[in-house]
Amino acid sequence: MELSEFDRVGFIGLGAMGKHMVEHLATKLPSTSHIYIYDVVRDPMNDLVSRYPGKIHASSSPKHVAENSKCILSMVPEGRHVQSVYLDSPTGIICTPDLSSRILIDCSTIDTATSIHVKSTLTATHPDVKFYDAPVSGGTLGAQNGTVAFFVGCAPTDPVLPILTTLLTLMGKQVIPCGTHSAGLASKLCNNYLSGIIAIASAEALSMGINAGLDPRVLSSVFAAGTAQNAVCDRYNPCPGVVRDAPSSKGYEGGFKVQLMRKDFALAVEMAQRTGSRLVLGEQGLRTYEGAARDERCKDRDSRVVFRYLGGDERWARRYKL
């Protein structure tokens, strides 16, 4: 599909990731394209409109976005917000008179049951609506750098997938069709569960190594060369000063907030319970993120702040010449 065909795109939700995603659309779509945005907070809308005059337009509601756009993306924090965006009357997308020509893409990470409910409610009044779950992995840094991955709830043979892929790769690096509707969300929850567990285990192993007299830079090189190699240590190392650009090296600023990891981890544990899946580490991992999310030293910081929460030595560098 040619980019010129994306002449009217909508985006709802301009948080830490959503705003970066809109910026990529604004810089990569043709100059003739128009982007209609909405957020409950005015400031990010005003900022984007002022930086991309004539290309980005503020909207008064999700319905207003849908009325002016052919493809609409949403990126909001929780299931209740997704329901509000799509189903609220009179401001929700569902109140748009005709959605048959629209493609709706929800990039939020929420529970699968809510996504299924939203889709079934939409199709009850708009039978031809095209609604996809496409949660994002890669965090704020990935959204800023345009390297996120999208896990799409559709089959590889879905006729709309080429359109989705063309649009989504303007904001990210990978688009992976995961099967049926809500399979993208199920995949994302499994991914974040594993990522969250790896972050805790990495924080514990690094702290243990430091206490045993090891330089965490050397230890991280050992992990990278051995069977413990993982993306968390390679790119988002929980120990400050090991990876220069990691949030941990910047006071755990930026990245994926620990409260969001707690939310996603809880959704994954709930999905495991609902599907009869046995988790050995789930409850303890959830307690760890719940505790870190409440801890004033950790709240609102990147989720790898579990290193701090678990008592890791952030001043390890004083032992070595840097």
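Where in this predicted model does L279 lie? L279 is found in the loop between α11 and α12, and it is the starting point for the close-up views below.

**View 1. L279 and its neighbours in the loop between α11 and α12.** Leaving aside residues up to four places away in sequence, L279 touches Y193, V269 and A272. With a relative accessibility of 31%, L279 counts as partly exposed. Along the chain, L279 and F265 are 14 residues apart, and 12 Å separates their C-alpha atoms.

**View 2. The aromatic cluster of Y193, F265 and Y289.** By the ring-centre rule, the model has three aromatic pairs. In the pair of Y86 and F131, shown again in the next view, the ring centres are 5.1 Å apart and the planes stand at 75°, so this pair is edge-to-face. Y193 and F265 make a tilted pair, with 4.9 Å from centre to centre and 35° between the planes. Since Y193 belongs to helix α8 and F265 to helix α11 (residues 258–275), this pair ties together parts that are 72 residues apart in sequence. Both Y193 and F265 are buried. Together with Y289, these two residues form one aromatic cluster.

**View 3. Y86 and F131, an edge-to-face pair.** Here, helix α4 (residues 79–87) contributes Y86 and strand β6 (residues 130–133) contributes F131, so the pair links parts 45 residues apart in sequence. Y86 is buried, and F131 is buried too.

**View 4. Helices α8 and α9 where they cross.** Take a look at helix α8 (residues 183–211) beside helix α9 (residues 216–225): their axes come within 9 Å and cross at roughly 130°. The two helices are therefore oblique to each other, and their crossing is right-handed. On the α8 side, the residues that meet α9 are A205, L206, G209 and I210; their partners in α9 are P216, L219, S220 and F223. Sorted by class, this contact has six nonpolar residues, two polar ones and no charged ones.

**View 5. Helix α7 and the elements around its buried residues.** In helix α7 (residues 161–168), the buried residues are L161, L164, T166, L167 and L168. These buried residues pack against one helix, α1 (18–28), and against the strands β4 (71–74), β5, β6, β8 (148–152) and β9. Strand β6 also holds F131 of View 3.

**View 6. The cis peptide bond from S89 to P90.** Most residues other than glycine have a negative phi, and most peptide bonds are trans. This view and the next one show some departures from that pattern. Between S89 and P90 the peptide bond is cis, and its omega is near 10°. P90 has its place in the loop between α4 and β5 (103–106).

**View 7. S182 and D300, two residues with positive phi.** S182 is not a glycine, yet its phi is positive, at about 80°. The loop between β9 (172–177) and α8 contains S182. At 11% relative accessibility, this residue counts as buried. D300, likewise a residue other than glycine, has a positive phi near 70°. D300 sits in the loop between α12 (282–294) and α13 (306–309). Its relative accessibility is 38%, so D300 counts as partly exposed.

Key:
Residues are numbered from 1 along each chain as its sequence is written. This is a predicted model: local features need pLDDT of at least 70, side-chain atom pairs count only at pLDDT 80 or more; totals for chains, interfaces and linings use all residues. Side-chain values use heavy atoms; hydrogens and water are left out. Axes are lines fitted to C-alpha atoms, for helices over the stretch in contact, and angles run from 0 to 180 degrees between N-to-C directions. Helices (H or I, at least four residues) and strands (E, at least two) are DSSP runs, numbered from the N terminus. Angles under 35 degrees count as roughly parallel, over 145 as roughly antiparallel, 65 to 115 as roughly perpendicular and the rest as oblique. A crossing is left-handed if the near helix is turned anticlockwise from the far one by less than a right angle, and right-handed if clockwise. Contact means heavy atoms within 4.5 Å. Ala, Val, Leu, Ile, Met, Phe, Trp, Tyr, Cys and Pro count as nonpolar, Asp, Glu, Lys and Arg as charged, and the others, Gly among them, as polar. Rings of Phe, Tyr and Trp (its six-membered ring) pair if their centres lie within 6.5 Å; planes under 30 degrees apart count as stacked, over 60 as edge-to-face and the rest as tilted. Buried means under 20% relative accessible area, exposed over 50%, partly exposed in between (1.4 Å probe, protein chains only).
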